[in-house]
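Biologist: Could you take me through the cysteines and the enclosed spaces of this model, please? I would enjoy one connected account.

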Amino acid sequence: MEEILAKYNEGNVNEWVSSIKNFNIQHISTHTFADKYGKETKEKFTRHLLQVLKDKGVRQTKLDAPSLHNCFTSLRICLREVEGTEFMHTSENIAVIINFINDENPQVQDEAWKCIVNLIAKSKVAEKIFASDLKGIEATVNFLKVSPPSLTTFILRILFHTSLNYTYAQTMIACGIQQQLKDLLAAQLSDPRFGSQVSNDTFIVLSDSLKLIFNITLPFGPLGGGESRDPTKSEEEWLISLIPTYQKILTASQIGVEPYHGYKISVVNCLLNTPKHLIPPVVTVFDPVVLSILEEILAFQLSLAKQEPSKSVTAISGHLTPVLMLLTLLSENIPNLRGELKRFVFPNEIPHTG
């Protein structure tokens, strides 16, 4: 590590770039930097990389895009572990990375966003600085509108992490995240292969979009707790407009087939956040087959729980609670569904004898 720093200080640009390339090759798939080199060495190297990005070069020599990309890759590797990178959690240092999120070179852009993902995923302090002090939520939502497919997954990951905070989630809504999420889902579902095969990128975008929808709609449903609120008129219209998309996901492929079953469970979670007064209009949009699909999902989740009797009650209830809560919500607000649900959920009455 000392050799890399020495080459930087001596202005040997080509040798320095070659050294960090080798570092990246050796460590691209590892998470043991601090253990291997020690916290002090790791911090020194990370500070060095940050300084290079501040200077955009070595000894006043401007780095080209491939070299900047390699520098960012090294920084991303360092940021996988909090140990030795705590000094990064300041407005000044995080702003250095943000300066590159709109870089003209796509590879540099990619690595800058990945660094932000690693920062906020590991540190609530970094998340607060990014989201509040540096207005990172607004920048991220706006970038999602124009981001290339290669970056969409990282943008969604940042928004998912920060949406766990109620205030940040409301900022996303104020920036118009709802329509973007709806458009993203529609784009993924428009692939004629959906239902038979799905790419890894499609899987991530669908999964993270649904998780993000769940987080930002949490205040509308029974899980909102002290942060519950009624949706606005436009939010109500958006919730209802998502139903055809949810229906397409619920009816895609067979129950239990991955990754589609995971999507179905995510849709169940999202539907849980439907305000009670919207349940009737939501159900009228659904095809009648959806109720039977929900029943099939419950049966499948129950079979999963039965296969894992050694697991804790909490783990087993995780399989069952979301779909049971949704069916309860439907039966509470749609009286004519109660008979069908009762016939499915409860066994036939035991005949009297004697």
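Modeller: Happy to! In this predicted model, the number of disulfides is zero. Take C115 as a case: the nearest cysteine sulfur belongs to C78 and lies 8.9 Å away, whereas a disulfide needs the two sulfur atoms within 2.5 Å. C115 therefore stays unpaired, because 8.9 Å is outside that 2.5 Å limit. As for its surroundings, C115 has a relative accessible area of 0%, so C115 is buried.

C270 is another cysteine to look at. C270 counts as buried because its relative accessibility is 5%, and the cut-off for buried is under 20%. C270 also leads us to the enclosed spaces, since C270 is among the residues that line the largest cavity.

How many cavities of 30 Å³ or more are there? The count comes to three. The largest cavity holds about 60 Å³ of space. Around it sit I213, T217, L239, L242, I243, Y246, C270, L271, T274 and V282. Three helices each give two or more residues to this lining: α13 (200–217), α15 (243–251) and α16 (260–272). Sorted by class, the lining has eight nonpolar residues and two polar ones, with no charged residue.

The second largest cavity has a volume of about 40 Å³. Its lining is made up of L79, E81, V82, T85, H89, N118, L119 and K122. Here the classes divide into three nonpolar, three polar and two charged residues. Charged residues thus appear in this lining, while the lining of the largest cavity has none.

Let me return to helix α16, one of the helices that line the largest cavity. I265 is also placed in α16. Leaving aside residues up to four places away in sequence, I265 touches I297 and Q301. E227 is 38 residues from I265 along the chain, and the C-alpha atoms of the two are 24 Å apart.

One last stop is a backbone detail at K135. K135 belongs to the loop between α8 (124–133) and α9 (136–144). Its phi is near 55°, a positive value in a residue other than glycine. Is K135 buried or exposed? With a relative accessible area of 51%, K135 is exposed, because the cut-off for exposed is over 50%. The two cysteines described above, C115 and C270, are instead buried.

Conventions: Residues are numbered from 1 along each chain as its sequence is written. This is a predicted model: local features need pLDDT of at least 70, side-chain atom pairs count only at pLDDT 80 or more; totals for chains, interfaces and linings use all residues. Side-chain values use heavy atoms; hydrogens and water are left out. Buried means under 20% relative accessible area, exposed over 50%, partly exposed in between (1.4 Å probe, protein chains only). On a 1 Å grid over the protein atoms alone, a cavity is a set of points where a 1.4 Å probe fits but cannot get out, and a pocket is an open set with protein on both sides within 12 Å along at least five of seven lines; lining residues have an atom within 4 Å of a point. Grid points are joined across faces, edges and corners, and a volume is the space filled by probe spheres set on the points. Helices (H or I, at least four residues) and strands (E, at least two) are DSSP runs, numbered from the N terminus. Ala, Val, Leu, Ile, Met, Phe, Trp, Tyr, Cys and Pro count as nonpolar, Asp, Glu, Lys and Arg as charged, and the others, Gly among them, as polar. Contact means heavy atoms within 4.5 Å.
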